[in-house]
Amino acid sequence: MRPAPVIHATSESRGEGRWLLRFEVHVPSAYEAVWPALTTADGLRGWLAAADVLERRLGGAVTLHWLNGGATVSGHVTAWDVERVVEYTVGEYGRMRFHLEAVGTDSTVIRFLDERAGTDEERLDCLAAWHHHFELLESALQGRPQAP
């Protein structure tokens, strides 16, 4: 059995109830397959959230509805470097940045960060939730999308 895709995860305080969560995720898929999973409504639905609105450009509007009964949050695309970096800044979920790096022709490392506000308990819940979502991402990339 293959190990979980999360290689490394950390969190650090940014003061006054703000956190920066960092993940390094290794998926056995070419970055050409990973990019649409992070940047299209169909791709996001298979592992993270329904994108009720998704304007795929810097400054574009985004509204995400978590399919596990979570919140609906709106914001903007705050970074967009095609096939390399996408960042969404949305409501209480804060700034979520995905940076892709190809490893050979059939593997990708995602360096992810989530900068957000919350209590220490919410920070721990968020770390666990992202870990789960990255497992769902790996399944989706293998042709088995699942509602989170």
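1. In this predicted model, a network of salt bridges links Glu87, Arg95, Arg97 and Glu115. Two members of the network also face each other in the strand pairing: the bridge partner of Arg95 in S8 is Glu115. Across the whole structure, a search finds 10 salt bridges.

2. Another of these contacts joins Glu12 and Arg22, whose side chains meet at 3.9 Å, N to O. Glu12 belongs to strand S1 (residues 6–15) and Arg22 to strand S2 (residues 18–27), so this salt bridge ties together parts 10 residues apart in sequence. The distance deserves a remark, since a salt bridge is counted within 4 Å and the pair stands at 3.9 Å. Glu12 is partly exposed, with a relative accessibility of 34%. Arg22 is likewise classed as partly exposed, at 35%.

3. Asp81 and Arg84 form a salt bridge as well, with 3.5 Å between the closest N and O atoms. Asp81 is partly exposed at 34% relative accessibility, and Arg84 is partly exposed at 43%.

4. The salt bridge between Arg116 and Asp114 has its closest N and O atoms 3.2 Å apart. Is Asp114 buried or exposed? Asp114 is buried, its relative accessible area being 0%. Arg116 has a relative accessible area of 14% and is therefore buried too, given that the class takes in values under 20%.

5. Strand S8 (residues 107–117) is mostly covered, with 9 of its 11 residues buried. On the S2 side, S8 is joined by 10 bridges, and the two strands run antiparallel. Within that part of the sheet, Phe23 stands opposite Phe112 in S8.

6. Strand S7 (residues 94–103) also pairs with S8, through 9 bridges and in antiparallel orientation. The two strands form a hairpin with 3 residues between them. Which residue in the turn has a positive phi? Gly104 does, at about 70 degrees. A check of the Arg95 pairing can start from this hairpin, as Glu115 is the bridge partner of Arg95 in S8.

7. Thr39 is placed in helix H1 (residues 31–39). Thr39 is buried, with 0% relative accessibility. The side chain of Thr39 reaches the backbone oxygen of Trp35 at 2.8 Å. Leaving aside neighbours within four places in sequence, what does Thr39 contact? The contacts are Leu54, Arg56, Trp80, Val86 and Tyr88.

8. The largest pocket holds about 240 Å³ of space. Its lining includes Trp66, Asn68, Tyr93, Arg116, Ala117 and Gly118. Also among the lining residues are Glu122, Asp125, Cys126, Ala129, Trp130 and His133. Arg116 thus appears in two of the points here: Arg116 lines the largest pocket and forms a salt bridge with Asp114.

9. Which elements each supply at least two residues of the lining of the largest pocket? They are S8 and helix H3 (120–141). H3 gives the most, with 6 residues. The contribution from S8 comes from a strand that is mostly covered and that is joined to S2 by 10 bridges and to S7 by 9.

Key. Residues numbered from 1 in each chain as written. Predicted model: local features only at pLDDT ≥ 70, side-chain atom pairs only at ≥ 80, totals over all residues. Heavy atoms only, no water. Helix = DSSP H or I, 4+ residues; strand = E, 2+ residues; numbered from the N terminus. Buried < 20%, exposed > 50% of the residue type's maximum accessible area, 1.4 Å probe, protein only. Pairing = 2+ DSSP bridges. Polar contact = N/O pair within 3.5 Å; in protein donor to acceptor, adjacent residues only side chain to side chain. Contact = heavy atoms within 4.5 Å. 1 Å grid on protein atoms, 1.4 Å probe; cavity = no way out; pocket = protein on both sides within 12 Å on 5 of 7 lines; lining within 4 Å. Points joined across faces, edges and corners; volume = space filled by probe spheres on them.
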